[in-house]
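Here are my notes on the model, set out as numbered points. Please read them with the structure open beside you.

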Amino acid sequence: MIYDVIVLGGGPAGITAAIYGKRAGLDILVIDESPKSGGQILTTYEVDNYPGLPKIGGMEIGEKFREHADMLGAEFAVGRVSSIEKEDEIFLLRTRKEVFRTRTVIIATGAGHRALGAPGESEHMGMGVSYCATCDGAFYKDKVTAIVGGGNVALEDALFLARTSKRVYLIHRRDEFRGDKVLADQVRATENITLVLDSVVESINGQMKVESIDVKNVKTEEMLNIAVDGVFIAVGITPNTERIAGLPERNEQGYIVAGEDCETNIPGIFAAGDVRTKQLRQVITSASDGANAIFSVQRYLNTQKSKG
Ligand code: NAP
């Protein structure tokens, strides 16, 4: 079987591509490492900026997206594509068990968490260091937690943790947040969140599990030791482009270079969602990419047809 388009990744970009692709009558397959669709939103407690769905749970919006694609008959496969090769005009996508054939590819593999790189971080992974507050926050009920970062994820996670933790220290390297003002205002108004601004984590300490963090004020150089039971790291994301051979051109951070039309430097390969170079990475801009990518796929397929 040769598909018209295979989408790598079942997050908001991939699912939207599946919806638009099915509606355009394309033979489309979505391959994701996880059987659950949604990508990063699955680890988001609440999404409050997707029109028409205020305060929807991350898991719930992922399920709704998938239901919509299923309703239209989109095909899904679980697997990890390790390479993309071109043979004549057909792309071969290899997973451990299979080789898939397709006329076009949409890469929508998204992004994952970035490590802080502090001493003690990797040693305490799973022993008090976590990158997902919604996944692991429940382990810290009535305990003291710290969250590192100043973007939307750090702000949302601080609010999430504050519901159950006794106290949450929010440690950010500047005195202004990168995340949305509405979230920053909520954080400032939450009694059991303590802001530790202009500060960086120098080390994560503990014998078997995390016991404290050393924090340095970057303006005064003053050191602070804060006793904590858990540290959540939310210092940004990095594109999931590391483990696939044959990808199109990427920038120095690893994002696939593509504009709003999602076209890459390899004709027939498109990039959509968080994995491509873009200004704003949100559920809605990923969904928008999924639609644009299918439009570009159709244009490409029509050009190929008229050539043949
Ligand atoms: P982000 O917006 O890139 O923020 C990363 C934060 O970590 C920044 O505040 C940054 O500080 C800090 N940081 C980076 N490296 C650091 C280091 N080595 N040491 C200390 N601090 C460091 O990342 P994010 O919060 O993970 O969000 C990722 C993307 O998802 C963003 O585009 C975000 O808008 C989007 N998102 C949106 C929503 C929403 O709309 N509700 C929710 C979640 C995520 P500086 O500010 O000083 O650079």
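1. Around the ligand there are 19 residues, counted as near when one of their heavy atoms lies within 4 Å of it, and of these Asn49, Glu156, Arg174, Arg178 and Gln282 come nearest. This is a predicted model, in which local features need pLDDT of at least 70 and side-chain atom pairs count only at pLDDT 80 or more, whereas totals for chains, interfaces and linings use all residues. Residues are numbered from 1 along each chain as its sequence is written, and side-chain values use heavy atoms, with hydrogens and water left out.

2. Oxygen atoms of the ligand are approached by both backbone and side-chain atoms: a backbone N or O atom of Gly150 lies 3.1 Å from one such oxygen, a backbone N or O atom of Gly151 lies 3.3 Å from a ligand oxygen, and a polar side-chain atom of Asn152 lies 3.2 Å from a ligand oxygen. On its own the ligand has 910 Å² of accessible area (Shrake-Rupley method, 1.4 Å probe), and the protein covers 79% of that area.

3. The protein is divided into domain 1 (2-113 + 237-307) and domain 2 (129-233), with bounds that come from an automatic or database domain assignment. The centres of the two domains, taken over C-alpha atoms, are separated by 33 Å. Their contact, meaning heavy atoms within 4.5 Å, takes 6 residues from domain 1 and 8 residues from domain 2.

4. About 590 Å² is buried between domain 1 and domain 2, and carbon and sulfur atoms give 57% of it; buried area here is the accessible area (1.4 Å probe) that two parts lose on being put together, summed over both. On the side of domain 1, Thr43, Tyr45 and His113 lose the most area to domain 2, and together they make up 75% of what that side buries.

5. Which polar links cross the interface of domain 1 and domain 2? The rule finds 2 residue pairs in polar contact, both at pLDDT 80 or more, where a polar contact is a pair of N or O atoms within 3.5 Å and, within protein, one must be able to donate a hydrogen and the other to accept it, residues adjacent in sequence counting only if both atoms are side-chain atoms.
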